[in-house]
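Visitor: I'd like to go through this one by asking how each label was earned. Could you show it to me?

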Amino acid sequence: SVSSRVRDRWVRRQQELKNGAGKITFFAEEFGEYKFCLELHPSAGDKWEMTTGKLNLEVERQYQDEERETIEDTTDNIINVMQKVLRKIKHVKMEQKYYKERETQFRAMSYLTSNRVIWYGLLTAVTVVSTGCFMVQNMKSFFIKKKLV
């Protein structure tokens, strides 16, 4: 008869085949390394006979429903987070564009205002100087007419 042992880090499992034929199945519940050991045992009597046999291994990976749901939930969460981040990035870009346009307008307004202040100051200075010259000229002519000078 043939018996099999499957060993992982925590559990040791054993299955035995009847009459040397059958199927041994094993479901790995955890990720990791597993060791399979097949042992031949002599049948009734202690004689070992030379025989040939076939060993077919079929390795399949099956997802459990919970694992699949967890994967789907995780991908949905990642997609939602990415969509939120993309919306925030778009909003920040729109704000930056708005503030840039606003700053450009304020700079233009500031430049225009400072030019107007300079021209107004120049006009005021010319007015004060011309008024002063006009008054000095008028006072001089007044004093000459009155013969005070």
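Visitor: Where does Ser114 lie?

Guide: Ser114 lies in helix α1. Keep in mind that we're looking at a predicted model.

Visitor: What makes Ser114 count as partly exposed?

Guide: Its relative accessibility is 32%. Buried would need under 20% and exposed over 50%, so Ser114, at 32%, counts as partly exposed.

Visitor: Which backbone oxygen lies 2.9 Å from a polar atom of the Ser114 side chain?

Guide: That oxygen belongs to Tyr111. The cut-off for a polar contact is 3.5 Å, so the 2.9 Å between Tyr111 and Ser114 fits within it.

Visitor: Why is the pairing of Arg107 and Glu103 called a salt bridge?

Guide: Their side chains meet at 3.1 Å, N to O. The limit is 4 Å between a side-chain nitrogen of Lys or Arg and a carboxyl oxygen of Asp or Glu, so this pair qualifies. As a rule, side chains of opposite charge can pair when their charged atoms come close. A search of the whole structure turns up one salt bridge.

Visitor: How are Arg107 and Glu103 placed along helix α1?

Guide: They sit four residues apart in helix α1, so about one helical turn separates them.

Visitor: Are Arg107 and Glu103 exposed or partly exposed?

Guide: One of each. Arg107 has 58% relative accessibility, and because that is over 50%, Arg107 counts as exposed. Glu103 has 42%, which falls between 20% and 50%, so Glu103 counts as partly exposed.

Visitor: What makes up the nonpolar surface patch?

Guide: Val81, Val85, Leu86 and Ile89 do, over about 340 Å². Take Val85, which lies in helix α1, residues 65–145. Patch members need over 30% relative accessible area, and Val85 has 38%, so Val85 clears that bar while still counting as partly exposed.

Visitor: How much of the protein counts as buried?

Guide: Just 5% of the 149 residues. The protein exposes about 15,000 Å², with carbon and sulfur atoms supplying 58% of that.

Visitor: What pattern does the protein follow along the sequence?

Guide: It reads β-β-β-α, which comes to one helix and three strands.

Visitor: Where is confidence highest and where is it lowest?

Guide: Helix α1 is highest, with a mean of 92, and strand β1, residues 2–7, is lowest, at 56. The protein averages a pLDDT of 79, and 55% of the residues score at least 70. Where pLDDT is low, the predicted coordinates shouldn't be read in detail.

Definitions and conventions. Residues are numbered from 1 along each chain as its sequence is written. This is a predicted model: local features need pLDDT of at least 70, side-chain atom pairs count only at pLDDT 80 or more; totals for chains, interfaces and linings use all residues. Side-chain values use heavy atoms; hydrogens and water are left out. Helices (H or I, at least four residues) and strands (E, at least two) are DSSP runs, numbered from the N terminus. Buried means under 20% relative accessible area, exposed over 50%, partly exposed in between (1.4 Å probe, protein chains only). Accessible areas come from the Shrake-Rupley method with a 1.4 Å probe; for residues, only the protein chains shown count as cover. Patches are made of residues with over 30% relative accessible area and no salt bridge: like charges are joined within 9 Å, nonpolar side chains (Val, Leu, Ile, Met, Phe, Trp, Tyr) within 5 Å. A polar contact is a pair of N or O atoms within 3.5 Å; within protein, one must be able to donate a hydrogen and the other to accept it, and residues adjacent in sequence count only if both atoms are side-chain atoms. pLDDT is the predictor's confidence in each residue, from 0 to 100.
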